[in-house]
Amino acid sequence: MGVASEKDASEAMKLCVFDLRRGQTEGQELDKILFFYPADLPLSTQLSVIGLSEGLVTFTRIFSPEAPCEVIEAERHSHVFYEAEPDIWMVMVVEKESEAIWRVDALRRVLKEVHTLFVMFHGSARALVDRDPSGGLVRTHLYYFIMDFLSAFEKRSPLEYCCWDFSIGTKLQLPNFRDSLKERGTLQMLTVGREAAIEVQSLVAVLESCAGDTLCYSLTMFQDLLVSTNLSPIDTVNLFTYAVLRLTPLALSHGASSWSHSRKADTACNTSTGALLLNSGPAAEQYYNSSDASPLLRHNYPLVRPLQHSKWSKGKDGFLTTDIWGRDVNSLVPTCPTIWLRQTEEKMYILAYQHRGLTVILLIPVSSVSGEQGIAMLKQQILENASLKMLKVEERLSRGWGGENAYHVSGYRYLLVDGDRYISRASPPGKVTTLTKVSNFYFS
């Protein structure tokens, strides 16, 4: 999304992140802004949005200290609030449209998804603030992560929905009742028979044996559906979400065919950063904590951008590889990707293997493996002991799969949500816009 698209979207949607523990003295108000979209809005406008949001949070806390406001409905806009971390708020302001009714809870889930994915890769925003009290570190990470999150979604045909769609031309497409029947923060499961389930369980046991005495976790997917996992529910949802965005066969095939879009998205990100400098002067310098230039341009911080398009590919050995995390200086081998588990707060290596429609992700504690050499040895163990088993599992799942329309209910649009188990099922994307009889079911 270039500068033009940001200007077109400036009235339709604003998204900001701010810290209530910062900028509380007069003249320092800009310090509380950690992220703002569109980035080229005047600083006075950004302060106005955040000032109003802070006032609403403070006011509603008087009546509900433990659960401040979630949504404020104005005449022309909806203000959606999410307290991502203590005193760190994310706010989305969306313009109301006569032809679309926003799914407000789904908008809050968008904010929650941004934050949970951010924490999975970078750790908490508060920890980044503590590491660099100037705010430059957390602003840099938030800026590139959220911009990649927004710009990575492009309009596709209904049959190519491997992830949720935000961008249509120069306009952001947000969840609404008319067009969107997806529930963020949930899993889509593959229904398997008894024999297939036994085969998958056997595969998981083999993978665990490859890791020896090391406690590891696994997540098995077929196409864009979850088959098996031993992760906690919250970590399962986070890793599943990322896998659907970037690791599944459909995500990889789409990324390979859209490299030009990826280049445009990167250019847009850089152009938008430059637009921030249009607001030059003492106030802008205070916002970026620099007397010379924005830290977003100086880019002195180690930066990982896991949501970049077209950065994952399948190697000849079947393992997925990326250079997002950099390369080993001595061997030029891409550094193995890592994430943080929410439940155990452990840093884990990601090993993803793919055979046709089957994607198997193994998570190994960073502390238990001796760097890239240990990772290479583990991959060899998996190839020798588990590759044949993965081939058989893929064949069995393929035979039992009814295709992308397997869960279609003729004549209906539906959304089923099991909030206790974080599971949802909806009308196939390719069917949603063609059905004439509308029937929405929502269970939580």
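## Strand E1 and its neighbours

Leu15 has Met92 as its bridge partner in E5. The model is predicted. Strand E1 (residues 13–19) and strand E5 (residues 88–95) run antiparallel and are joined by seven bridges. E1 also runs antiparallel to strand E2 (residues 33–37), here with four bridges. In E2, Tyr37 is the residue that stands opposite Leu15.

How many of the seven residues of E1 are buried? Seven of the seven are, so the strand is largely enclosed by the rest of the structure. In a regular strand, side chains alternate between the two faces of the sheet. In E1, Met13, Leu15, Val17 and Asp19 point one way, while Lys14, Cys16 and Phe18 point the other way. Both sets are buried, the charged-type names Lys14 and Asp19 included.

## Nonpolar cores

The largest nonpolar core has 65 residues. Phe35, Met92, Tyr242, Ile339, Ile361 and Leu363 touch the most other members. Met92 is thus named twice in this report, as the E5 partner of Leu15 and in this core. Helix H5 (residues 136–151) gives the core its largest share, ten residues.

Another core, of 29 residues, lies apart from the largest one. Its members include Leu190, Leu225, Met390 and Leu397.

## The E8 and E9 hairpin

Strand E8 (residues 217–222) pairs with E9 in the antiparallel sense, over four bridges. Met221 has Leu226 in E9 as its bridge partner. Two residues lie between the strands of this hairpin, and Gln223 takes a positive phi near 55°.

Strand E9 (residues 225–229) is mostly covered, with four of its five residues buried.

## Helix H3

Which length should helix H3 (residues 104–122) span, at 1.5 Å a residue? The expected span for its 19 residues is 27 Å, and the end C-alpha atoms are 27 Å apart, which agrees.

H3 is mostly covered, since 16 of its 19 residues are buried. The residue that follows the helix is Gly123, with a positive phi near 85°.

## Aromatic pairs

Searching the whole structure gives ten aromatic pairs. One of them joins Phe59 and Phe63, edge-to-face, at 5.2 Å centre to centre and with 70° between the planes. The two residues are four apart in helix H2 (residues 43–63), which means that about one helical turn separates them. Phe59 counts as partly exposed because its relative accessibility is 47%. Phe63 is exposed, with a relative accessible area of 63%.

Is the pair of Phe81 and Trp89 buried or exposed? Phe81 is buried at a relative accessible area of 0%, and Trp89 is buried at 2%. Their ring centres are 6.4 Å apart and their planes lie at 80°, so this pair is edge-to-face.

Ring pairs also link Phe121, Tyr242, Trp312 and Trp325 into a cluster. Tyr242 of this cluster is also among the residues that touch the most other members of the largest core.

## Charges over rings

Two charged ends sit over aromatic rings. The charged end of Arg425 is over the ring of Tyr407, 3.7 Å from the ring centre. The charged end of Lys379 is over the ring of Phe319, 5.3 Å from the ring centre.

Notes
Residues are numbered from 1 along each chain as its sequence is written. Side-chain values use heavy atoms; hydrogens and water are left out. Rings of Phe, Tyr and Trp (its six-membered ring) pair if their centres lie within 6.5 Å; planes under 30 degrees apart count as stacked, over 60 as edge-to-face and the rest as tilted. Buried means under 20% relative accessible area, exposed over 50%, partly exposed in between (1.4 Å probe, protein chains only). A charge sits over a ring if NZ of Lys or CZ of Arg is within 6 Å of the ring centre and within 35 degrees of the ring normal. A nonpolar core is a set of buried Ala, Val, Leu, Ile, Met, Phe, Trp, Tyr and Cys residues joined through side-chain atoms within 4.5 Å. The expected span of a helix is 1.5 Å times one less than its number of residues. Two strands pair if DSSP finds at least two bridges between them.
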